[in-house]
Amino acid sequence: MSVPSPRTLVIAACILIATGRGAIQWLFHSAVFAQSPEGNQLSVYSAQSSFSVPLISANGQPYVGLLELLEPLGTVEARPDGKKYKLRFTAAGAREVELQFHDGKDKGKVKNDNFKLAANFVLQNGRGYVPLAGVSELLTRALSTQTRFNPAARRLFIGDVGQHFTLELRPGSPSKLFISFNSPVNPTIATEPGHIRFTFRREPVLAVVDHASYTDPLITGASFSEHDGIGELDITGNAALMANFADGGKTIIVTAAPAPPPPVVAQQAPAPVPPTSAEHPPTPTPAPAEPRFFVLIDPAHGGNEVGAAISPTLPEKDVVLALARRVQRELANRGINAGLLRNSDIAISLDQRAVSANAARPALYIALHAANTGRGVHVFTSLMDPENYSSHDFLPWDQAQAAFLEPSAAIAGSVSAELEARKLPNSTMAAALRPMNNIAAPAIAIEIAAPGDDLSQIASNAYQEQVAQSIAAGIAAVRGKMTEVRP
Amino acid sequence: MTRPLLIMFLVLLLIAAGLGYYAYHLNKRVALEEQQMAQRSQVVVAPASGPTTLVTFYVASDAEGTLRRTQENVALPQERSERARAVLRTLFGRYSQGSSSHPIGAGSDVRDVFFMPGNTAIVDTSAAFADSHPSGVLVEELTIASIVNTLNANDPTIARVKILVNGKERDTLAGHADLRRFYSAGSIAPGAKETP
C-alpha cells in the first residue's frame, strides 16, 4: 500500500478533529443541561397547594419537569419507554388523563388529542421536560381548567386561585395603611428606611392596581410587582415603617415604627404625661392571635443529595416528596393545616431544615425517609441521653428536642397504632437522626420501606396512600391532647 | 472520494472500533479488579490461635429491625484495645458474609479501638465502612446499636462509644445516623432479642 498523500492526511485529521469537537460539544451540552441555576424556579398556585418547580435550560430556553409539575396536583404515574414518555395523571375528583410525548419531537398527545409543544420534548435520565413557553396551554388541556401564566414573573395560576387585596389608608397620627386579603397570608417582611416590603412566595397574591400614591405625611405610596416566582408589595413612607397582623392574618396594618428609646439620663425627673386627646383615643391592644395546629412535613434529602437508591431510577428524595404531598392532602382532609419544608427538588442542609422548622413554630414536625432495606414503616423519635439534658435558660442546639420527647413519643405511638390497624408492618424506636435533636417542637421521623420483597411497591399509589392515611389519622387522633401553637 | 482517502478513512474507522473495544475491555477488567480488591480487603477475622473466650454479639437484622443476642467462642488477644477491635472485626466479618441478615459494604473494617477517660471507647473504622454502608435510618441505626451493645456486653466498663471514620469525625454514617455524638450503651438497643 502506498503512503497516503499529505492532502489525504490533512483531510483525515480534519475528520478526527471535527469528531472530537462534536464529542466535546455534546459533553458540554450535557453538563449545561443538567444545571438548574439557583433561583430559576416556576411558582405554581392551585387550590390543592402552592409549590415551586425548578427550571432547567435546554434547547436555549427554560424547561420544566412534567412529573414535578403534575405530582402536587394529583396522582401521577410516569412511564419512560425508550424515547417515549407516557404519563397518567388523575386530579382529585377527576378522570384519568394520559399524556404522551417523544424525546426530540414537539408533537405529543394529551387525552388522545394531538398537542404541539413550543419546542421539542426532552427526556433526560428518565424524566420528561416540556418547554416553559406554552405550559399554560398544556395544563389547561390536561386539567380541563383555566390557567393563567405570567412568563416574565414565572408565576402560574391554576383555576381561580388569585388572591387579591385592597388598600385603605386611614389618616391619623400616625396614619395607618390597612392591607386586606380574603384569607390569611404569611409574607416575608423586609424593612429599610422609608420602605417596608412584603414578599409572597406561597400565596397567589395578585394586585388589582399595581401602583397607588398617597398625599399623607407618613405613607406615600404602594406598588406591587411580580418577578422570579414571587409577588412583592412595596410600601413607601417618609419615616421608618412597621407592620402588624390582625384579623387572623387576613389584614396587615402598616404604620410608623416606634422611635428608638431616648438615652437614659441619671437622676432625671420623669416627664409629665400629656392628657389623652379625645379626638385620638388610644389604639386598643390587638387581641392575641388564635392558637393554630400546624404540621410541618420535611421530605428528607433533595437536589444533589439523593438519599438511598431505592432502585437505579428511584431515589429516596423522590419517594419521600411524593409521600409528603400525600400526607399533606390527608391531613387537609382531616382539617389539619400542614406545610412542606421542601416542595421541589432542592437541597437543604440539616441545620437549615432545623432553623426553618423552628421559625415556622409547628405543633408537630415530621421528617420523611425511605429505604431499600427492612420492611414496612418505622417510626422514630429522637434518641437523647437523659443525663445530658440541660436545665439552663438557653437551650443548647443539640438538646432542643429534649423538652418535647414525651409528646413526640405519644404521636409516634398513635401513628404506629394506625399503621397496625391497617395491618402494615411497623416498629417504633428512638434514633439519632439529624436534625430531630435540633427541633424545638414535638418531632417524629418516619421511614418507609417496601411492605414485602418487591421494592417497587414502595412507590405504589396504594401503599403510599395507606401509609399517608395512617400518618394523618395518627396525628388527628392525638391533636386534642397536644398544645396548639400561637402564630 | 479518491481511493487513498477511502482507505485512510477505513483505517481510521478500524482504529476507532479497535480503541472502543479496548476501552470496553479495559472497563470490564478494572471493574473485575476492583471487585477482587474489595473481596480481598474484606474483614480479616480475629486471630484464631490461643485460648478462646465466649463472646457476646448483638447482631442486627434488617428484616426484623432488631438486634439478636448471640454468643460464640472466639480467640481474643489479651490487650484491651486489641481485644475490643478483634470482637468488632468478628462482628463485621459476620455482616460481610453473603447470607448476613444485615449486610454492610465490602472493605468495612475496624482500624483501631482506643479508650478515653469516662469509660469512653473510640472506634475508628475504615473509610469503606461508611462509604459503602447501605443508606437508611433503620439500617444505620442498627449498625451503630450493634457496635455499641456488642462492645458493652464484652467490656461492661465501656459506657459510651464514639465512632470515627478513617480517623476523622463524620456528620452521618450514610446520610442518616448522627456520627458527631457519643452513644450511651444503655440508650441504644432497638428491640434486642435472645437467640432462640
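Let's start with chain B of this predicted model, where confidence varies from element to element: strand β4 (residues 120–125) of chain B has the highest mean pLDDT among the elements of that chain, at 96, while strand β7 (residues 193–194) of chain B has the lowest, at 48. A stretch of chain B, residues 192–196, keeps a pLDDT under 50, and the model gives this stretch eleven contacts beyond four places in sequence. Taken as a whole, chain B averages a pLDDT of 86, with 87% of the residues scoring at least 70. For the complex, the predictor reports an ipTM of 0.73 and a pTM of 0.58.

Now let's turn to where the chains meet. Chain A brings 26 residues to the contact, and chain B brings 25 residues. On the side of chain A that touches chain B, the elements giving two or more residues are the helix α1 (6–34) and the strands β28 (377–382), β29 (426–431) and β30 (443–448) of chain A. The most comes from α1(A), which gives four residues. By character, this side of chain A divides into 13 nonpolar, nine polar and four charged residues.

Finally, have a look at helix α7 of chain A, which covers residues 461–478. Its 18 residues reach 26 Å from the first C-alpha to the last, close to the 26 Å expected at 1.5 Å a residue. Which residues of α7(A) are buried? They are Gln464(A), Val467(A), Ala468(A), Ser470(A), Ile471(A), Ala472(A), Gly474(A) and Ile475(A). Covering these buried residues are elements of chain A that include β23 (294–299), α4 (316–333), β27 (364–370), β28, α6 (405–421) and β30.

Note on methods. Residues are numbered from 1 along each chain as its sequence is written. Chains are lettered from A and ligands numbered from 1 in the order in which they are written. This is a predicted model: local features need pLDDT of at least 70, side-chain atom pairs count only at pLDDT 80 or more; totals for chains, interfaces and linings use all residues. Two residues are in contact if their C-beta atoms, placed from the backbone, lie within 7 Å. Ala, Val, Leu, Ile, Met, Phe, Trp, Tyr, Cys and Pro count as nonpolar, Asp, Glu, Lys and Arg as charged, and the others, Gly among them, as polar. pLDDT is the predictor's confidence in each residue, from 0 to 100. The expected span of a helix is 1.5 Å times one less than its number of residues. A residue is buried if 20 or more other C-beta atoms lie within 10 Å of its own, exposed if 12 or fewer, and partly exposed in between; C-beta atoms are placed from the backbone.
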